[in-house]
Amino acid sequence: MAIMNKFFNGRSLELLAPAGTFDIYKTIIDSKCDAVYCGGEVLNMRLIRKGYNLSNEELKEAVYLANERDKKVYITVNSLLDPSELSQAEEYLSFLEEIQPHGLIIQDAAVLDLVKRKKLNLTLHGSVMMNIHNLDMIRFFEKQGVSRVVLSREMSLKDIRELSARTDMELEYFTHGDMCVAHGAQCLYSSWLFGMSGSRGRCLKPCRWPYSRLGTDEDKPFPLAVKDLSMYSYLSDMILAGVSSFKIEGRMREKEFIASLVNTYGEALERFLDDPYGASHGDPEDMEPFKKRDYSTGYAFGTPGIKNINTRGEGSGKFYSTGKMFSTPTREREINGEESLPAGSPSDSVPLEMAVKVNSPDQGRLALEYGARRIYLSAEPFAPDLPVSRKDLAELADQCGQAGADLYFSLPRMMSAQQSDLFRAYFSRPLPVKGVLAGQAGVLEFLKSSEYSLVCDTPMNLYNARAIRFYADQGFQGWTPSLELPFDSLLSLPEDLKALGCEARGEVVLHGLPTVMYMDHDVSRRQEDRVELDTPESRLTIRRDWWNRYHLLPHKELSLLPRLPELVSAGYSRFRLELQGYGPAESREVLRACGESLADPASGGGILKNLKPIGGGFTYGAHHF
């Protein structure tokens, strides 16, 4: 039995297979897949392995071979783009338009900007790294020309079924392979430690280190190590939920492994389509030969908890397993305020503003005492704080007004369908806030920039000026650069943006404990408000928010105080403190120190030297690199 064109109730279905090299591609395109995805030699998330990916000539040949077989090939242009890579991206996209692959898988909004402004004829698919997880996000990206989205790995099939009933967008969902514990593009910890960004395909997987839980005698030392996904026995559930493309992970796997895995899945799909009522759903034993780690169904049937975690660590499977971690526990780099700075100092005429992201109105009032000119009140407060009432919000807004400050509402970085409906209703009556800090673009479906000043938050991963301009064109008036940017790239953004004729104002996270891993996984398994994980090198804190999402905070506080003169000289004038993870006394000390530094930027290094850290010291995080 061979079903070349797969349909279910009039909907086209597709088994999507990976290929890491042209040699692998030539085998996989003749397997039981319907489409293959692969990357070129630039701008994709699998550049960490030498000798993998396809040359331009091989990509051209790959498109020809796919067309010859009535199949499809998708090219991954799915890395965040450093400012230095934008001219290369423009040239590469022009080449891809010439060879006409059947789709590009993209992450960076700069690609959307380039395709639109260059009027390129390219089919665009939103990568899982765009973290598309609700109807508002789908509608937004559909308007930008995206024809397919790879849904967030944390979406359940129930969620997808409700979503598919309300959109004609093609929905792709991971079906088999290596998974992450954090939401797509919401893990910064590899770049924090090594300068190796998971959003640029270079993750060294600190989530797979052994950790001990403080205050317990648990014998499960791998609380963040996710099992591999296998939906082999549940393909019919995926089809009935509305999934159209079934994605197998594995562009760095070997040819024989991938070919055999794809054929096994292809045969299972064919059996179901030939006999939807009576066919076998697939015996789990069929997956044993492909086992690297233990298997899980991920979030397909709800939040899985410990069932999703490979508590035995790497190498628990029977095949293709080394038992080795990608990296070993590593200490976060430390600064002490004594770093040498370039000669010169910023102009005294530049007015510097302090913005503060707070967990509660009380913390917001404290920030006002120290001269904050913008308060971001979080709508995902860390427990035990509760969401703010309209009455308390109005009171804080009035106090901000009296202090000459603006109050902004900081929306959750991810919003489920229920949360989207809730906040849509919440904003149906005017709120007493100046604006909104947004972690994803779907908010533009129910918020207008004419009513609220809209600011892109760090979870939107703004890595270059073209991405910033893209969102400015959609209505965002302010932006916050990615926390993963190398420091030189961070400095270049204001001038790059000016060259593009964009006047949106940027702000830098100057100091604080930002979330470096954002996840639905409950390490404690009891929804504890706070959990501490130890390695021989550091102690990490996980905080639960009101929505039962979990924020891993770094061991050391991020601080750019010693680099403040350079940031001001580069054109930044608004600086944010991330204080959600701080108590009242700690907040007061940080506010005092940062306020003094902003009054005299050249003093920042000395002030930091005298500031007592609340954790293991201070760091530049990913900006070290």
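**Entry 1: the core.** I began with the largest nonpolar core of this predicted model. I count 195 residues in this core. Which members touch the most others? I noted Tyr-25, Leu-96, Leu-224, Val-356, Phe-409, Phe-427 and Tyr-471. I then looked for the element behind the largest share of the core. Helix α9, residues 255–274, gives that share with ten residues. The general rule I kept in mind is that nonpolar side chains tend to be buried together in soluble globular proteins.

**Entry 2: Leu-96.** I picked Leu-96 from that list and looked up its contacts. Leaving out residues up to four places away in sequence, I found that Leu-96 touches Leu-59, Ile-75, Val-77, Pro-101, Leu-104 and Leu-122.

**Entry 3: strand β14.** Next I went to β14, residues 374–378. Why is β14 largely enclosed by the rest of the structure? Five of its five residues are buried, so the strand is largely enclosed. I checked each face. Arg-374, Tyr-376 and Ser-378 lie on one side, and these are buried. Ile-375 and Leu-377 lie on the other side, and they are buried too.

**Entry 4: neighbours of β14.** I looked up the pairing of β14 with β13, residues 353–358. The two strands are parallel and share four bridges. Val-358 has Leu-377 of β14 as its bridge partner. From β13 the chain runs through helix α10, residues 361–369, to β14, and this β-α-β crossover is right-handed. I then turned to β15, residues 406–410. β14 and β15 pair in the parallel sense over five bridges. Here Tyr-376 has Tyr-408 of β15 as its bridge partner. Helix α11, residues 390–402, joins β14 and β15 in a β-α-β unit that is right-handed.

**Entry 5: helix α10.** Which residues of α10 are buried? I listed Pro-361, Gln-363, Gly-364, Leu-366, Ala-367 and Leu-368. These buried residues pack against β13, β14, α11 and α16, the last spanning 584–599. After α10 comes Gly-371, and I noted its positive phi, near 90°.

**Entry 6: cavities.** How many cavities of 30 Å³ or more does the structure hold? I found five. The largest has a volume of about 260 Å³. Its lining has 24 residues, and the closest to its centre are Met-129, Met-130, Pro-459, Met-460 and Tyr-471. I recognised Tyr-471 from my first entry, where it was listed among the core residues that touch the most other members. I also asked which helices supply at least two residues each to this lining. My answer was α5, residues 135–143, and α13, residues 465–474.

Note on methods:
Residues numbered from 1 in each chain as written. Predicted model: local features only at pLDDT ≥ 70, side-chain atom pairs only at ≥ 80, totals over all residues. Heavy atoms only, no water. Buried < 20%, exposed > 50% of the residue type's maximum accessible area, 1.4 Å probe, protein only. Pairing = 2+ DSSP bridges. Right-handed = clockwise from strand over helix to strand, strands pointing away. Core = buried A, V, L, I, M, F, W, Y, C linked by side-chain atoms within 4.5 Å. Contact = heavy atoms within 4.5 Å. 1 Å grid on protein atoms, 1.4 Å probe; cavity = no way out; pocket = protein on both sides within 12 Å on 5 of 7 lines; lining within 4 Å. Points joined across faces, edges and corners; volume = space filled by probe spheres on them.
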